[in-house]
Amino acid sequence: MRNEKFAKRLKEEREKKGWTQEHMAKLLNIKIGTLSGYERNYRTPDLEMASKIAKVLGVSVDYLLGLKDNEAAPWWEKDTPPADIELDKFIREQPNLRIFGDPLDEEVRDDIMLALRAAWEALKKERAASKQPKGK
């Protein structure tokens, strides 16, 4: 399964997270030399390890293998406002999100979605401001 794209994307995704090879190797419970071999494309992970790597990095195996060009960016990194379905999915993926120990009801869920949209707008403005030349 040698795959240059896999090696390149593995390294890119690890570096995006700011992880050292040592840190990621510990997460995967493998030796650093093994991970280094994957990144330099002289070792090949088996399917189980490729799946584990994808899970740790939060991407799909298809993306790592180059079968899919763009891994969908999370809603907070997109230039377009988040869709209801993205926010709902995000909220559902937060198992510890509760109000006074109770699960969220629909009204509270809607309020959280509004707050997340406001946070996205604030982030968008902040990013735009940081791209402006200084002194203007």
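Phe100 is exposed in this predicted model, with a relative accessible area of 84%. The residue belongs to the loop between α6 and α7 (106-131). Although Phe100 is not a glycine, its phi is positive, at about 50 degrees. Most residues other than glycine have a negative phi. Asn29 is a further residue other than glycine with a positive phi, near 60 degrees. Asn29 lies in the loop between α2 and α3, and its relative accessible area of 67% makes it exposed.

Ile99 is also placed in the loop between α6 and α7. With a relative accessibility of 35%, Ile99 counts as partly exposed. Apart from neighbours within four places in sequence, Ile99 is in contact with Leu104 and Val108. The C-alpha atoms of Ile99 and Leu35 are 42 Å from each other, and the two residues are 64 apart along the chain.

The accessibility values for the residues discussed here are collected below.

| Residue | Relative accessible area | Class |
|---|---|---|
| Glu13 | 7% | buried |
| Asn29 | 67% | exposed |
| Ile99 | 35% | partly exposed |
| Phe100 | 84% | exposed |

**Domains and cores**

The domain assignment divides the protein into domain 1 (4-65) and domain 2 (75-131). Their C-alpha centres are 30 Å apart.

The largest nonpolar core contains 18 residues. Within this core, the residues with the most contacts are Leu10, Met24, Leu35, Ile53 and Leu57. Two or more core residues come from each of α1, α2 (21-28), α3 (32-39), α4 (47-57) and α5 (61-65). Helix α4 gives the most, with five residues. Leu10 illustrates how these residues meet: leaving aside neighbours within four places in sequence, Leu10 is in contact with Met24, Leu35, Tyr38, Glu39, Ile53, Leu57 and Leu64. A second core, separate from this one, has eight residues, including Ile91, Met113, Leu116 and Trp120.

**Helix α1 and charged groups**

Glu13 is situated in helix α1 (residues 4-16). This acidic residue is buried, because its relative accessible area is 7% and the cut-off for burial is under 20%. Beyond its neighbours within four places in sequence, Glu13 is in contact with Leu57, Val59 and Tyr63.

Tyr63 also takes part in a charge-over-ring arrangement: the charged end of Arg9 sits over its ring, 4.2 Å from the centre. In a second arrangement of this kind, Lys17 lies over the face of Trp19, at 5.6 Å from the ring centre. As for pairs of aromatic rings, the count is zero.

**The two sides of helix α6**

Helix α6 (residues 84-92) has Leu87, Asp88 and Ile91 as its buried residues. Viewed down the helix axis, the buried residues of α6 fall within an arc of 100 degrees, so they line one face. An α-helix has 3.6 residues a turn, so residues three or four places apart point the same way. The face of α6 turned away from the buried side carries Ile85, Lys89 and Arg92, which are exposed. Ile91, one of the buried residues of α6, is included in the second core.

How values were computed:
Residues numbered from 1 in each chain as written. Predicted model: local features only at pLDDT ≥ 70, side-chain atom pairs only at ≥ 80, totals over all residues. Heavy atoms only, no water. Helix = DSSP H or I, 4+ residues; strand = E, 2+ residues; numbered from the N terminus. Buried < 20%, exposed > 50% of the residue type's maximum accessible area, 1.4 Å probe, protein only. Contact = heavy atoms within 4.5 Å. Domains from an automatic or database assignment. Arc of directions from axis to C-beta. Core = buried A, V, L, I, M, F, W, Y, C linked by side-chain atoms within 4.5 Å. Phe/Tyr/Trp six-rings, centres within 6.5 Å; stacked < 30°, edge-to-face > 60°. Lys NZ or Arg CZ within 6 Å of the ring centre and 35° of its normal.
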